[in-house]
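Please open the model in your viewer and keep the sequence panel in sight. The tour below moves from the whole chain to a pair of strands.

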Amino acid sequence: MPLRSEPLRKLGFLTIGLFDERDPRAGHESTLEIIQLGEQLGFDSAWVRHRHLQFGISSPVAVLAAATQRTSRIELGTAVIP
């Protein structure tokens, strides 16, 4: 079967929102800025996830809700089951 090359239709990215446990606000703000930048750069989707025992996003759904207030086009998703 010959390989068929098709153009890329959509492009997204995943971020874990990793930050210092002593300053969670700065980490959340940084994550939201990354999502905004992704939209400005033309990405189609942004995904967030969290990992147990790792300092980062404590509630992906809440972070995505905040991201909706800063974006208009990019699709948002969570790579965890809330």
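**Whole chain**

Begin with the entire protein selected: of its 82 residues, 29% count as buried, that is, under 20% relative accessible area with a 1.4 Å probe and protein chains only. This is a predicted model, in which local features need pLDDT of at least 70 and side-chain atom pairs count only at pLDDT 80 or more, while totals for chains, interfaces and linings use all residues. Residues are numbered from 1 along each chain as its sequence is written, and side-chain values use heavy atoms, leaving out hydrogens and water.

Next, colour by secondary structure. Two helices and three strands appear, in the order β-α-β-α-β from the N terminus; helices are DSSP runs of H or I with at least four residues, and strands are runs of E with at least two. The radius of gyration is 15 Å, well over the 12 Å that the globule rule gives for 82 residues, so the protein is more spread out than a compact globule. That radius is taken over C-alpha atoms, and the rule is 2.2 Å times the number of residues to the power 0.38. Show the C-alpha trace: along its principal axes it spans about 55 × 30 × 20 Å.

**Strands 1 and 2**

Now select residues 12-15, strand 1. Phe13 and Thr15 form its covered face, Gly12 and Leu14 its uncovered one. Add residues 45-48, strand 2, which pairs with strand 1 in the parallel sense over four bridges; pairing requires at least two DSSP bridges. Finally, select Phe13 and Ala46, its bridge partner in strand 2.

Conventions:
Buried means under 20% relative accessible area, exposed over 50%, partly exposed in between (1.4 Å probe, protein chains only).
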